[in-house]
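Biologist: I should like a close look at one part of this assembly, namely the surface that the protein presents to the DNA. Please place that surface in the context of the chains that build it.

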4 protein chains.
Amino acid sequence: MSDRKLTARGRLRRTQLMDEATRLFAERGYHPTSVAEICARIEAGKGVFYWYFSSKEELFIEILRDAQRDLRRRQHADISEISDPVERIAAGVRTSVMWSAEHRELFRLFEFAQTDERFAGAMRSGRKVLVSDTAAHLAEAIETGRIPDARPEHLAHAIFGVSSQLTMEFIHHRSEPADQVADVVVAFCIGGIGATLP
Amino acid sequence: MSDRKLTARGRLRRTQLMDEATRLFAERGYHPTSVAEICARIEAGKGVFYWYFSSKEELFIEILRDAQRDLRRRQHADISEISDPVERIAAGVRTSVMWSAEHRELFRLFEFAQTDERFAGAMRSGRKVLVSDTAAHLAEAIETGRIPDARPEHLAHAIFGVSSQLTMEFIHHRSEPADQVADVVVAFCIGGIGATLP
Amino acid sequence: MSDRKLTARGRLRRTQLMDEATRLFAERGYHPTSVAEICARIEAGKGVFYWYFSSKEELFIEILRDAQRDLRRRQHADISEISDPVERIAAGVRTSVMWSAEHRELFRLFEFAQTDERFAGAMRSGRKVLVSDTAAHLAEAIETGRIPDARPEHLAHAIFGVSSQLTMEFIHHRSEPADQVADVVVAFCIGGIGATLP
Amino acid sequence: MSDRKLTARGRLRRTQLMDEATRLFAERGYHPTSVAEICARIEAGKGVFYWYFSSKEELFIEILRDAQRDLRRRQHADISEISDPVERIAAGVRTSVMWSAEHRELFRLFEFAQTDERFAGAMRSGRKVLVSDTAAHLAEAIETGRIPDARPEHLAHAIFGVSSQLTMEFIHHRSEPADQVADVVVAFCIGGIGATLP
DNA sequence: GATGAATGAGTCTTCATTCAT
DNA sequence: CATGAATGAAGACTCATTCAT
């Protein structure tokens, strides 16, 4: 389905569909959003949807994958030149908070996706990638004695938990400035892994 | 609805309904579980359901509230006699991890509830209570100079995030022993708030 | 589905549904008839249908089975007391022509069912039963020297073909009197198997 | 539509379309086969279809007509030189069985076409032609005293019924050799009309 | 208190057909 | 001639909810 060759206009339509769906899914949830409504919003017949996606489910998975890919790309870009592993972790965390602040809708989708059997798999594997990036830096920090010994995976998930929770509560619900929240997250995590920043 | 006076048998029926619903909602999600199925499982007609609950939505909210109440009660019991605020926090965290380990299904329900407009409100207020308990201990710790200055609410949410994430990943998905995971959570959080335990 | 216990009213509803469906399927075909229409005709909501049948397909198969069972019952009744195998065959053929004359709609359903993969199986097994009844009489006739040797199955199917075709053309399309058509069928078949009637 | 002047390539495309449609209709039925699928199979856009046929219905009718024409042509060829009417009938029957054996798919299409209002008409008139060819030979046989008096049309339809049924069951389903089945058909029919072959 | 039955709006999806390019 | 894209009516089926008995 997603491998069909599309014209320029086709690509546009497909993107419209994904954007609108993302918005609606985030606003009212996956189940309460109907295919019909997504189409209506972009002023297209119900049929277009099925020209570009084979099912509502497939569309959602596609959105999820795209988003995870995007976040990861950005983290790589922001981190690549940093040599100290702890600073790398701090930068990665900051990036992820900022990204979530900018993509409120995608963030919500991630939350939901974790709770539905059908998408939990896709989410888990996506999260695994993100988390194991962090875990690698942590392993390096432990080996070089920068932080005390511990299981990198445990720490990486803890970091992930802090970022998610604070982003959701303070950025999305209370609209505090994203960079200040990021500071808090970084501080907590650095303390949590037993490191100090110069 | 919930204030109706029930006979002993009535109370039993009601509890059966809630238990079965909890199981099914956790297993396959709220939307994919139909009222008909819940009733079928306890071998009752669909009418029974509407005798005890005015809607599927109400039932779910009731489940949520019960669960939050239960967790809080347990935390109070486990904490009440501890005088050091940091130790109190540690004990509270440990309790919450253990509780989540024992109530896998309720934990999943919490996750979902956060993602649906209809239940997010109920969840937020419930979480607020839990979190503000922790925040109170943190405020005390800050005032008494046990930990460096910071916004208690920020820290409380960070703690909540670590507990949730590690519980989900390591206890529910990977089945690591709950108390060991609790140790990790506690250690990370103590470090995160800048404290040390004797 | 079909094993649900029904009240008197329930049984009535179910029968109404089957009758109306039979009529519509026969009139315009299986595919062109929608579940919605069947329900509308008996002035019921779309949901009733699915209370009694798990799918449109299941309903059709049920109709088919009922009909085959009915025809067979009637043949048994009409034949049981006849001792000469050839006369038994003649009587059976006559019964089947008369039955088809009376149940024009069911006859049409049989025709269609043969052409659709999903129902061909059910039809084939139903037809097999009918045909093998005839084949048994033929075998007896051959053994007792009443008719020349030949494969009973071949003959039975030939008889089946003659009945079907003449019923369809002359009774259903041209409305000739059923008993006269039955005479023709019997005469042709008796000649076909190489017998003579006293 | 069908009278449009086509280039060589156009004729090829049109034939491909008909062949593929015949195959698919026979395999899974008329309704379950979509225009899109037919086009996909010959690797053409959906537009092509509507360049050559004005509708799915028209295509099907065209297939039907072509087939009936072909069968009739072949019967004429096989019969033309035979002077005895009974032998002519026997030869015609044999031809029709052999043709059906070779064109399994078309045979299935005929069966279905009879059951759908839209095509029943086309089928009936086609069958009428075939049957009245046979009826003519029968009339001659009756006039010349070769067989006992009876209504030629009745007999012709009976013959048709025997051929169809035995072909379907023994050739198409049980794969018995076509010529042996043809022998059975011929024998039964000769007996049925009260004739004997020298 | 409880049940079988009914309702009908709403869901996803399919498909014949049309049309701009 | 051909294609990719679009349309939207129609279809099968689900489900929360209601109600007569």
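Modeller: In this predicted model, chain A consists, from the N terminus on, of the elements α-α-α-α-α-α-α-α-α. That amounts to 9 helices and 0 strands. Along the principal axes, the C-alpha atoms of chain A occupy a box of roughly 60 × 35 × 30 Å. Of the 198 residues in chain A, 39% are buried. Among the contacts of chain A with a separation of 6 or more, 64% join residues 24 or more positions apart.

The domain assignment divides chain A into domain 1 (1-54) and domain 2 (57-192). The centres of these two domains of chain A, taken over C-alpha atoms, are separated by 28 Å. Where the two domains meet, 12 residues of domain 1 of chain A are in contact with 10 residues of domain 2 of chain A. On the domain 1 side of chain A, the residues that touch domain 2 comprise 7 nonpolar, 4 polar and 1 charged.

The DNA surface itself is best described strand by strand. Around DNA strand F there are 40 residues, of which Gly10(A), Gly45(A), Gly47(A), Gly45(D) and Gly47(D) come nearest. Several elements supply at least two residues each to the surface near DNA strand F: α1 (8-28) and α3 (46-52) from chain A, and likewise α1 (8-28) and α3 (46-52) from chain D. From chain B and from chain C, the elements that do so are α2 (35-41) and α3 (46-52). By class, the surface near DNA strand F holds 15 nonpolar, 14 polar and 11 charged residues.

DNA strand E also has 40 residues around it, and here Gly45(B), Gly47(B), Gly10(C), Gly45(C) and Gly47(C) come nearest. The elements giving two or more residues to the surface near DNA strand E are α1 (8-28) and α3 in chain B and in chain C, together with α2 (35-41) and α3 in chain A and in chain D. The surface near DNA strand E divides into 15 nonpolar, 14 polar and 11 charged residues.

One residue of this surface merits individual attention. Gly45(C), among the residues that come nearest to DNA strand E, sits in the loop between α2 and α3 of chain C. Gly45(C) counts as exposed because it has 10 C-beta neighbours inside 10 Å, and the cut-off for that class is 12 or fewer. His157(C) lies 112 residues away from Gly45(C) in sequence, and the C-alpha atoms of the two are 43 Å apart in space.

The contacts between chains complete the picture. Chain C and chain D meet through 26 residues of chain C and 27 residues of chain D. On the side of chain C that touches chain D, α6 (104-115), α8 (152-173) and α9 (178-192) of chain C each give two or more residues. Of these elements, α8(C) gives the most, with 10 residues. This side of chain C is made up of 8 nonpolar, 12 polar and 6 charged residues.

Chain A and chain B form a contact of their own, with 26 residues taken from chain A and 27 residues from chain B. The side of chain A that touches chain B draws two or more residues from each of α6 (104-115), α8 (152-173) and α9 (178-192) of chain A. The greatest contribution to this side comes from α8(A), with 10 residues. By class, the side of chain A that touches chain B has 8 nonpolar, 12 polar and 6 charged residues.

It remains to describe how the copies are related. Chain C is superposed on chain D, with an RMSD of 0.2 Å, by a rotation of 180° with 0.0 Å of shift along its axis. This is the relation of a two-fold axis. Of the contact residues of chain C, 100% recur in chain D, and the same surface thus serves both copies. For chain A and chain B, a turn of 180° and a shift of 0.0 Å along the axis lay one on the other with an RMSD of 0.1 Å. Because 100% of the interface residues of chain A are also interface residues in chain B, these copies meet through the same surface.

Definitions and conventions: Residues numbered from 1 in each chain as written. Chains lettered and ligands numbered in written order. Predicted model: local features only at pLDDT ≥ 70, side-chain atom pairs only at ≥ 80, totals over all residues. Helix = DSSP H or I, 4+ residues; strand = E, 2+ residues; numbered from the N terminus. Buried ≥ 20, exposed ≤ 12 C-beta atoms within 10 Å, placed from the backbone. Contact = placed C-beta atoms within 7 Å. Near = placed C-beta within 6 Å. Nonpolar A, V, L, I, M, F, W, Y, C, P; charged D, E, K, R; others polar. Least-squares fit on C-alpha atoms with pLDDT ≥ 70 in both. Domains from an automatic or database assignment.
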